[in-house]
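Work through the exercises below with the sequence and the structure in view. Each task is followed by a solution in steps.

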Amino acid sequence: MGRRTRRGGELADSATHTEFGYRVPNGHWRSRLAPYAAEWAGMLGVGLAGLATHLWLGRSATLPWTTSGLALLGAALTALTWRAASARSGITRVHATLTTAIACVWLIAATITGPFTPILLQSWVFLGAALSLSWNIRRALRNSGEDEGAGSLFDKVRLAKVQVKAIDTAPNKVTARLQLPPGETTVEDVQKATDRLAGGLRLHKGAVRVTGDPDDLSQAQMTITPVDMLRHPQPWPGPSAPGGSIAAPIVTGLYEDAEPVEVFLPGDKATHRNTTHLGVMGMNGSGKTAFGKLSWTEILTRRDVCLIVLDPSKGEQSVGFLSGKAHLVIGEKACRAFAKRLPAAITEHASQLGRWGFDQWTPEVFDQHQLPFVVVWIEEAPRVLEDAALLTRIIQEARSAGIDLVLSLQKATYRQMPTDIRSQLGAVACFGVKELEDAAYLLSEDTIDAGARPDRWQNRRPGALYLEGPGIDEDRFAIPARTFTGQDEQLRADITACDDLRAALHPITAAALGLPARPDALPTTSTNISANTDTDAEAQETVMVITDARSPRTADQTGLSDLDTLPLDEDDDPVELPTDPEPELDVDPDAELPGDDPELLFPNGRPTRRQALAMVRSAIDELAAAGRTPFTIRDLPNPETTLGRARPWLSGELSRLAGIGVLEIVGEDEKATVYRLRAPGTRADTDPRERDAA
């Protein structure tokens, strides 16, 4: 008697196995021949069918009509076989279709002349036997390996009762429809086994994903990606729709199955898609800035949209290539001042759309009234929008008014982004994160359960991301993607090619935001000017330079910020000083208090760029001489008091020195990049910018 073992919760007899639903003793002759009998039974059935149809119809007056009908039925059956076998491999599909066609032709001929005609009898014996043997050979080869077949694979990962219902193949993607045993195995059970399934198939980590059927929890879809196409990013192919509408998706990269990454911003009533705000999250070096540059290029090559970029920290380091092409707001104070003006612009937009008879922005609004869609892209959003109540009001009201917000940040924790704000982000682009819990702040639970793991990349694969949003098939939420790679010069050339097509801000938008209609009309000096409006003379108001006092500007940086000329807010009006409470003091009450005047910090004048660079190099050399290496920006003197420049300037210079080989990036701590001075024989000690800097 065979040994009884427990497998899958049921007792199984090792001396028996199952064939066609029946338990058959191992070694029995039927267990060996039964799997190969079906093909020969089919051959016999075709022969008997030919004899029966000949005896019935062979001498009938309706034979011509009958054979014509049989021919049509045979052609239809052959076509159906070809169609039904589309999910199989190419040779299987051809083999099945050819077998059906031969059987149908033989049956028609046997009906007319009889199956015992020598040529038909010989063809039935030899050709039928050849076809039966060919199917026997395929079955034998398929069953010869213990490791082949979906059944044995699921058996290995302890999911033996999971069945594969259908298989669909595409370039670098295999999709299998799974039937789970109802009430015994859940979709989550299969999702937990995806790494084991990938190992069983000898594929890379993350190659297998499983998603559930929302209408039937006993079914799931398993997607297998054999080749990791995201290992190397693809070059930027150029804008996807130059001169088109912003209603078309912006394309910034490719999914791992080579499908384009599409982001929809405006809504579309025809497809029931809502206008959405976009949240962009990822750790330092994960590729958020590159994604932003590609998105800005896509936006600025469309005809009915305007782009406003706020960058409180990096300045021209990230957005400099957009100078004169998009409205740029640089510096923390300037960005905050601009944010205070957004509610007024939203109200003006919404009121105007209502007067025109629109309940949301559509391309027809621009075609009829020249009111473009407005995208406000905020880098390092928590530094700009510390006023949670203001941001909540903006993000709740802006969508229907045709103003879209994109908030980019490193980590969307509760401290950085309140729940009320996160709930309004209908679209999410999640790049590499340190821990999976970080991704859960923006990515949905279903996407993570389906296999999304941005923590696997961290910042080792810049540009790799997961994307959620309206207009995107939910099945693609858990498919990883990667952005294109493009140089600033190439992107600016693509933007310049569409200068004549790009829209200008509508006068009501420009007046509300205190911006010129076109960014190339910005003044290049810091003198006071008037904000022009085309309808109301009372709207004329004095504007002044609003920049971050901690980020002094040099002459070569002037004009890079749109917010060099912002109207004053009401709460920015100067407050009158109180009357002198102590008249005996010898103090002039009208004297201005000293501010952060560079002349006070630097009596001999603010250091030139060349002097500042030399001081940075000297400080780095002193650290190296003292053995303090590696180091971070926090180990260097305060750049505001020693160099007359903000911390972002120093951060950018350290990155540049690493790029030219003077420094080496060795890692990253919780708050800053860690650098190390290269050995003298391995670095370029002469920086051409130090020679040319003024």
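Patches are made of residues with over 30% relative accessible area and no salt bridge, where like charges are joined within 9 Å and nonpolar side chains (Val, Leu, Ile, Met, Phe, Trp, Tyr) within 5 Å. Accessible areas come from the Shrake-Rupley method with a 1.4 Å probe, and for residues only the protein chains shown count as cover. The model is predicted: local features need pLDDT of at least 70, side-chain atom pairs count only at pLDDT 80 or more, and totals for chains, interfaces and linings use all residues. Residues are numbered from 1 along each chain as its sequence is written, and side-chain values use heavy atoms, with hydrogens and water left out.

**Exercise 1. Describe the nonpolar surface patch that includes Phe 116.**

Step 1. The members are Phe 116, Leu 121, Val 125 and Phe 126, and together they have about 420 Å² of accessible area.

Step 2. Place Phe 116 in the chain. Helices (H or I, at least four residues) and strands (E, at least two) are DSSP runs, numbered from the N terminus. Phe 116 sits in the loop between α4 (90–113) and α5 (118–143).

Step 3. Classify Phe 116. Buried means under 20% relative accessible area, exposed over 50%, and partly exposed in between (1.4 Å probe, protein chains only). Phe 116 has a relative accessible area of 60%, so it is exposed.

Step 4. Compare with Leu 133, a residue of helix α5. Its relative accessible area is 43%, so Leu 133 is partly exposed. The C-alpha atoms of Leu 133 and Glu 39 are separated by 7.9 Å, although these residues are 94 apart along the chain.

**Exercise 2. Give the totals for the protein: helices, strands and accessible surface.**

Step 1. The secondary structure comprises 24 helices and 23 strands.

Step 2. The protein has 694 residues, and 44% of them are buried.

Step 3. The accessible surface is about 36,300 Å², with 54% of it belonging to carbon and sulfur atoms.

**Exercise 3. Which parts of the chain does the salt bridge between Glu 256 and Arg 209 tie together?**

Step 1. A salt bridge is a side-chain nitrogen of Lys or Arg within 4 Å of a carboxyl oxygen of Asp or Glu. Side chains of opposite charge can pair when their charged atoms come close. The structure holds 19 salt bridges.

Step 2. Between the side chains of Glu 256 and Arg 209, the N to O distance is 2.4 Å. Glu 256 lies in the loop between β9 (250–255) and β10 (260–263), and Arg 209 in strand β7 (residues 208–213), so the pair ties together parts that are 47 residues apart in sequence.

Step 3. Glu 256 is buried at 3% relative accessible area, and Arg 209 is buried at 6%.

Step 4. Look at the strand that holds Arg 209. In β7, 5 of the 6 residues are buried, so this strand is largely enclosed by the rest of the structure. A hairpin of 2 residues joins β7 to β8. Two strands pair if DSSP finds at least two bridges between them. β7 and strand β8 (residues 216–224) pair in the antiparallel sense over 6 bridges, and Val 208 stands opposite Ile 224 in β8.

**Exercise 4. Are Lys 293 and Asp 488 buried or partly exposed, and how many residues apart are the parts they tie together?**

Step 1. The side chains of Lys 293 and Asp 488 form a salt bridge of 3.1 Å, N to O. Lys 293 belongs to helix α9 (residues 288–300) and Asp 488 to helix α18 (residues 488–496), so the pair ties together parts that are 195 residues apart in sequence.

Step 2. Lys 293 is buried, at 14%, whereas Asp 488 is partly exposed, at 25%.

Step 3. Another salt bridge joins Arg 502 and Asp 499 (2.4 Å, N to O). Arg 502 is buried, at 8%, and Asp 499 is partly exposed, at 26%.

**Exercise 5. In what order do the 10 strands of the open sheet run?**

Step 1. The order is β10-β9-β18-β17-β16-β11-β15-β14-β12-β13, with mixed pairing.

Step 2. β10 and β13 (327–330) are at the edges with a single partner strand each, so one side of each is left without a neighbour in the sheet.

Step 3. Within the sheet, β9 and strand β18 (residues 481–483) pair in the antiparallel sense over 3 bridges. Tyr 255 stands opposite Ala 481 in β18.
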